[in-house]
Amino acid sequence: MDPLPLGRCSHRNLSAKSTQCDRWARLVCSHCNRGVCVEHEKIHQEESQRRIDELQNQMNDLRQRLHTLTHEQLVENFEEKLDQWTNTCKNEIDRKAMQMLKQGKSLIEQLNVEEFRSNCLNQIENSLEPSQTHTSKLEEQIEQMKEKISYLQITNDGQIKVNHFLTKPSRDMMNLD
Ligand SMILES: [Zn+2]
Ligand SMILES: [Zn+2]
């Protein structure tokens with residue numbers, strides 16, 4: 001038999017989604033414009049009708065909701081969406097923080113603490129001289145030192161920055177993505 005222009009029957013067995021009918025289509029369904037074979041016409045029409053009824057119900061629900069719509073409902077709906085958005089953001093931050101913790105720990109493990117300590121102590125001896133420095137200048141320098149001896153810093157866009165102040169230069173920025 002020659003293939004008809006409508007192609008194969010588009011009916012699918014719903015209980016086993018992968019099985020498609022392999023007969024040639026003889027009719028075009030007026031609802032979905034797909035071809036169906038004679039044997040499946042009735043089943044296909046029934047399924048289409050069920051789907052149409054379902055959609056009709058959804059439309060009626062929508063109409064009902066619109067008829068009784070209030071400001072309060074709109075606010076509630078917005079609050080719900082805002083909650084969802086907040087949760088998504090929190091999860092993303094938690095995920096990123098876990099990732100950064102892992103990355104930071106591994107960077108710190110590679111650090112030679114003895115060497116880092118003595119370098120920092122040298123720096124303090126050499127650059128901070130209370131007798132010759134104004135108090136406010138000294139305060140500023142101490143703040144800078146505190147920053148430097150923290151070794152790892154976090155930039156505003158969530159990157160870990162290795163402070164290789166006086167230690168052997170290594171990778172400056174770690175990209176976590
Ligand atoms: Zn159809
Ligand atoms: Zn069929």
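This report describes the predicted model of one protein chain, from its overall make-up to its helices and a few single residues.

**Overall make-up and confidence**

The protein chain has 177 residues, of which 5% count as buried, and its secondary structure comes to 4 helices and 5 strands. Read from the N terminus, these elements follow the order β-β-α-α-α-α-β-β-β, with two strands ahead of the helices and three strands after them. Among the contacts in the chain with a separation of 6 or more, 33% join residues that are 24 or more positions apart.

The mean pLDDT of the protein chain is 84, and 85% of its residues reach 70 or more. Confidence is highest in helix H2 (residues 71-109), at a mean of 96, whereas strand S5 (residues 173-174) has the lowest, at 44. Over residues 167-177 the pLDDT is below 50, although this stretch has 20 contacts in the model beyond near neighbours in sequence. Where pLDDT is low, the predicted coordinates should not be read in detail.

**Three helices compared with their expected span**

The table sets the end-to-end C-alpha distance of three helices beside the span expected at 1.5 Å a residue.

| Helix | Residues | Number of residues | End-to-end C-alpha distance | Expected span |
|---|---|---|---|---|
| H1 | 38-67 | 30 residues | 44 Å | 44 Å |
| H3 | 113-127 | 15 residues | 21 Å | 21 Å |
| H4 | 135-148 | 14 residues | 20 Å | 20 Å |

For helix H3, the distance between the end C-alpha atoms agrees with the expected span, and for helix H1 the reach is likewise close to the expected value. These helices can also be described by how far they are covered. Helix H1 is hardly covered, with 2 buried residues among its 30, and helix H3 is also hardly covered, the count of buried residues among its 15 being 0. Helix H4 lies largely in the open, because the number of buried residues among its 14 is 0.

**Single residues and the parts of the chain they bring together**

Leu 6 lies in the segment before strand S1 (27-28) and counts as partly exposed, because it has 16 C-beta neighbours inside 10 Å. Leaving aside its neighbours within four places in sequence, Leu 6 is in contact with Ala 25, Val 28 and Gly 35. Leu 6 and Arg 26 are 20 residues apart in sequence, yet their C-alpha atoms are 7.0 Å apart in space.

Glu 147, which is found in helix H4, counts as exposed because it has 11 C-beta neighbours inside 10 Å, and exposure here requires 12 or fewer. The C-alpha atoms of Glu 147 and Asn 163 are 8.8 Å apart, with their positions 16 residues apart in sequence.

**Two residues with positive phi**

Most residues other than glycine have a negative phi. Asn 33, in the loop between S1 and strand S2 (35-36), has a positive phi near 65 degrees. Asn 33 counts as exposed, because 8 C-beta neighbours lie inside 10 Å. Tyr 151 is found in the loop between helix H4 and strand S3 (152-154), and its phi is also positive, at about 65 degrees, although it is not a glycine. With 18 other C-beta atoms within 10 Å, Tyr 151 is partly exposed, because that number falls short of the 20 or more that a buried residue needs.

Conventions: Residues numbered from 1 in each chain as written. Chains lettered and ligands numbered in written order. Predicted model: local features only at pLDDT ≥ 70, side-chain atom pairs only at ≥ 80, totals over all residues. Contact = placed C-beta atoms within 7 Å. Expected span 1.5 Å × (residues − 1). pLDDT = per-residue confidence, 0-100.
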